[in-house]
Amino acid sequence: MRTGVSMRKGAKFRFAFVLAAVGSAWSCAGTTDEGSPGAGGSNGGATGAAGTSGASGNAGTTGAAGNVATGTAGNSGMTGGAGTTGIGGTGTAGTTGNGGSGANGGSGANGGSGANGGTTGSAGIGGTTGAAGRGGTGGAAAGAGGRGGSAGSAGSTAGAGGTGTGGSAAGRGGTTGTAGTTGIAGTGGAATTPPVTWSTNIRLNDDTGSGNQSEVALATGPNGLAIAGWMDERSTRVCGFSFTTNGGQTWSKNVSIPNVSGMFVGDPAVAIDGAGTMYAICQEYLDVGNTGNIRMMTSTDKGVTWSAVRTIGSAPDKPWGGGGIAEGTVFVSWLGNPGGIKRSTDRGMTWGPTKSLGNIIHGTAINVSTTGLVHVPYNLDSQNNQLRYLRSKDNGDTWEATRDLVANMGTFCFSCSPRQHPIVGQGTDPTGRVVAITWASRMTGGQNDDDVWLLYSSNGGDTWTQPIRVNDNTNASRQFESWVAVDNYGRVHVAWTDLRNGMNETWYARSVDPTKGFEKNIQITDGRGSASASFLGDYKGIAVSGNDVLAVWMDTRRDSGDIYFSRAVGAAGP
Ligand SMILES: [Ca+2]
Ligand SMILES: [Ca+2]
């Protein structure tokens, strides 16, 4: 943005057939036999059948002592079938469920005449711990029958699912065993995240002088392709660009969109489509805040050659770009009254109709996804300082009605030095289901100065959290110029300018689930410079490239402004 009002921008249990011991009846007083304890049964056995009644004993003279019939032990219950493997869980399998304690044998019937069969044995206790992430295996039925009595019942309780460990998602309980009950879902272990190590910082602007570079944006594409763009005042002000074809290991010499008007040029934007076409965009002001042109050049060969620079529209201020999934698709938005957004499917040669965004004077962000979801958030301080949000579910063919996600985005430090404008940053996972929006402002619940805020959706923008503070410093200090990226696993990566140490530093935080907070803030910068400037570029870039996170920022360690880069290899990986 150029001016104070502009943007910046988851057993087979065979029923245990418990053979009921049939108590024979003898006409005499028999001895009483106690049933012996059954062996441990566990899951899912059926209740043993009650002993059949003995036949009536003959009344008579002294009968021979009746033999005590021995009840037949109940058959062991079959092992419950393991549940199906938990979906998505990678938790370590738990230990097999212990067999439940066996059915206690029924108390022996007295061999009396006409004695009834023994009483039914009590049911065994079900097995205990099941396997993590899997249904517990069933315990053996095992209950030995009491003498003269009927067999004990098999255990009936299925093993419960155990607790998984180390998995990144909760394992699901087993499906219902044939005779067993459904295993209880195991709880997932703590999710794991790869470590974050930011690389040695490197400078992207390749001039040797001390001209000012600022206002840096970043886009990533397939196969390690990325492009950064910035405003460059090494000589006549231009939009400068550098790109990488190896995920940021090395960067190209700078290219630029030149200044042909002699007027103010800046507000660079960059995009890469799904096929790897790079789009370099620059605002050419003709009358600052009133009229100007959006200029663009493209490369379809990873930067070996670039097209001519063309004017693709008019706008008073600050364009933004979003690369489509399809080859040749790109979105461009801009500020104005009204601001707008439009789409091209032929690399910017022709454009579809403009969708009005209302009177916007600060920047938009654009994220496109493989599911057709397109997310466009922006600040609307021309009305009530709300966070307004536009969504498409069909790749921009049609747009939904706008929604206001935050009624008031807080106080922006327009007049601070360095200044802070209501620039809205955004990132999504490739499917567009996990969406994060960030800005910096003074808001209730913060530190009474500039803080970094984040709004989060895990359902494609249907519902959103309240603002969540990202920065964890405890001293009164400014954090601003934030941007955000979301990786393939839905993790959120935020970068911002941080003055907690009184200097111009760039800091970072990651979260698996922002509703549960962020990891400890860490610093990306390995050097720092003065923050005593009226302008530190308004915004910055952070994006995911494969398993890595890339970041670019305006750095003052060397002169009044350079564009620096770092990457955190593997920080976005499995
Ligand atoms: Ca603060
Ligand atoms: Ca410089």
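Select Leu218 first. Leaving aside neighbours within four places in sequence, Leu218 is in contact with Ala226, Ala228, Val270, Gly541, Ile542, Ala543, Leu550 and Val552. Contact here means that the C-beta atoms of two residues, placed from the backbone, lie within 7 Å. This is a predicted model, in which local features need pLDDT of at least 70 and side-chain atom pairs count only at pLDDT 80 or more, while totals for chains, interfaces and linings use all residues. Residues are numbered from 1 along each chain as its sequence is written, and chains are lettered from A and ligands numbered from 1 in the order in which they are written.

**The core around Leu218**

Keep Leu218 selected and add Ala228 and Val270: these are the residues with the most contacts inside the largest nonpolar core, which has 106 residues. A nonpolar core is a set of buried Ala, Val, Leu, Ile, Met, Phe, Trp, Tyr and Cys residues joined through C-beta atoms within 7 Å. Buried means that 20 or more other C-beta atoms lie within 10 Å of a residue's own; with 12 or fewer the residue is exposed, and in between it is partly exposed, with C-beta atoms placed from the backbone. Of the 574 residues of the chain, 59% count as buried.

**The whole chain, coloured by confidence**

Zoom out. The chain has zero helices and 29 strands. Both are DSSP runs numbered from the N terminus: helices are H or I over at least four residues, strands E over at least two. Now colour by pLDDT, the predictor's confidence in each residue, from 0 to 100. The mean for the chain is 76, and 67% of its residues reach 70 or more. Over residues 3-183 pLDDT stays under 50, and for that stretch the model has 640 contacts beyond four places in sequence.

**Strand β29 and its partners**

Select residues 562-568, strand β29. Seven of the seven residues are buried, so β29 is largely enclosed by the rest of the structure. Both faces are covered: Asp562, Tyr564, Ser566 and Ala568 are buried on one side, and Ile563, Phe565 and Arg567 on the other.

Add residues 548-555, strand β28, which runs antiparallel to β29 and is joined to it by seven bridges. Leu550, one of the contacts of Leu218, has Arg567 in β29 as its bridge partner. β28 and β29 form a hairpin with six residues between them.

Then add residues 202-203, strand β3, which pairs with β29 in the antiparallel sense over two bridges. Two strands pair if DSSP finds at least two bridges between them. Ile202 stands opposite Phe565 in β29.

**Two open sheets**

Go next to the open sheet of four strands in the order β8-β9-β10-β11, paired antiparallel. Its edge strands, each pairing on one side only, are β8 (265-272) and β11 (310-314). The twist averages 30° from one strand to the next, where axes are lines fitted to C-alpha atoms, for helices over the stretch in contact, and angles run from 0 to 180 degrees between N-to-C directions. Select β10 (residues 291-299) with β11: four bridges link this antiparallel pair. Within the pair, Ile294 stands opposite Gly313 in β11.

The other open sheet also has four strands, in the order β19-β20-β21-β22, with antiparallel pairing. Here β19 (425-428) and β22 (468-469) are the edge strands, each pairing on one side only. β19 and β20 (residues 435-441) pair in the antiparallel sense over four bridges, and Thr428 stands opposite Val435 in β20.

**Three loop residues**

Select Thr370, in the loop between β15 (367-368) and β16. Thr370 counts as partly exposed because it has 13 C-beta neighbours inside 10 Å. Not counting residues up to four places away in sequence, Thr370 touches Ile325, Pro430 and Thr431.

Move to Ser382, in the loop between β16 (374-380) and β17 (386-392). Ser382 is partly exposed, with 16 other C-beta atoms within 10 Å. Leaving aside neighbours within four places in sequence, Ser382 is in contact with Asn359, Ile360 and Ile361. The C-alpha atoms of Ser382 and Ile361 are separated by 6.9 Å, and these residues lie 21 residues apart along the chain.

Finish at Thr398, in the loop between β17 and β18 (403-406). Is Thr398 buried or exposed? Thr398 is exposed, because 9 other C-beta atoms lie within 10 Å. The C-alpha atoms of Thr398 and Lys355, 43 residues apart along the chain, are separated by 9.2 Å.
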